[in-house]
Amino acid sequence: AAAEIKALIKKSPDKGPTLVRLAWHSSGTYDEVSRDGGSGPGTIRFKEELAHGANAGLAAAIGWLEPIKRNHAKISYADLFTLAGVVAIKQMGGPTIPWKSGRTDGPVTKVTPDGRLPAADKGSDLKTADGLREVFGRMGFGDKDIVALSGAHALGRCHPDASGYSGPWTPTPTLLTTAYFSLLLNTKWTSKK
């Protein structure tokens, strides 16, 4: 399956960032206290989870992976989605991430409630920061982890139909670099009216 994912990204490099987003959104619903959600049951494949606001646009990524799933019937969706993220990171210049198979797909009843992923804007900087801490804290992450994980915004672009924002995060949206952080620290930001 990994070779087919690699070929998919090589043919269409813009799919790589979306596959990373799919892997993250599949995993990002994890709750350390209740020990549910996350990539384990592969529930992002269900329309009920794809309908969550933060998952806008991810049905396409699942569609790209369906032919690979058909070719490898023994791989679970849960494994396929995380493997796609690992392969995409590597294809876009990132590190080799250790990965193991073994996740089993769960039923639609395992879909977690909407709201477990970060919101792009909660109305104010303070509310947005608090929302990030709440979401990432639920997974056991602190501020340093939030900053490190936000570096993935070096990849891809915003789509108005998915986030309300438009355009690439960096000049190299298919290459994992530190450009996102450089732009945050070194660009003069102004509100767009």
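**Aromatic pairs and the buried side of helix 1**

At 6% relative accessibility, Phe136 counts as buried, because the cut-off for that class is a relative accessible area under 20%. The model examined here is predicted, and within it Phe136 forms a stacked aromatic pair with Trp24, the ring centres lying 5.6 Å apart and the planes meeting at 10°. Since Trp24 belongs to helix 2 and Phe136 to helix 6 (residues 125-138), the pair ties together parts that are 112 residues apart in sequence. Trp24, in contrast to its buried partner, is partly exposed, with a relative accessible area of 26%. Together with Phe141, Trp24 and Phe136 make up one aromatic cluster.

The count of aromatic pairs comes to 5. Another of them is formed by Trp169 and Tyr180, which are arranged edge-to-face, at 5.7 Å centre to centre and with 75° between the planes. Trp169 is found in the loop between strand 2 (167-168) and helix 9 (179-186), whereas Tyr180 is in helix 9, 11 residues apart. Here, too, the partners fall into two classes of accessibility, Trp169 being partly exposed at 32% and Tyr180 buried at 13%. A ring also takes part in a contact of another kind, in that Lys69 lies over the face of Tyr77, at 5.0 Å from the ring centre.

In helix 1 (residues 2-11), the buried residues are Ile5, Leu8 and Ile9. These residues lie on the same side of helix 1, because the arc they cover around the axis is only 95°. Ala3, Lys10 and Lys11, on the other side of helix 1, are exposed. The cover over the buried residues of helix 1 includes helix 2 (15-27), helix 4 (58-71) and helix 5 (77-91).

Terms used: Residues numbered from 1 in each chain as written. Predicted model: local features only at pLDDT ≥ 70, side-chain atom pairs only at ≥ 80, totals over all residues. Heavy atoms only, no water. Buried < 20%, exposed > 50% of the residue type's maximum accessible area, 1.4 Å probe, protein only. Helix = DSSP H or I, 4+ residues; strand = E, 2+ residues; numbered from the N terminus. Arc of directions from axis to C-beta. Contact = heavy atoms within 4.5 Å. Phe/Tyr/Trp six-rings, centres within 6.5 Å; stacked < 30°, edge-to-face > 60°. Lys NZ or Arg CZ within 6 Å of the ring centre and 35° of its normal.
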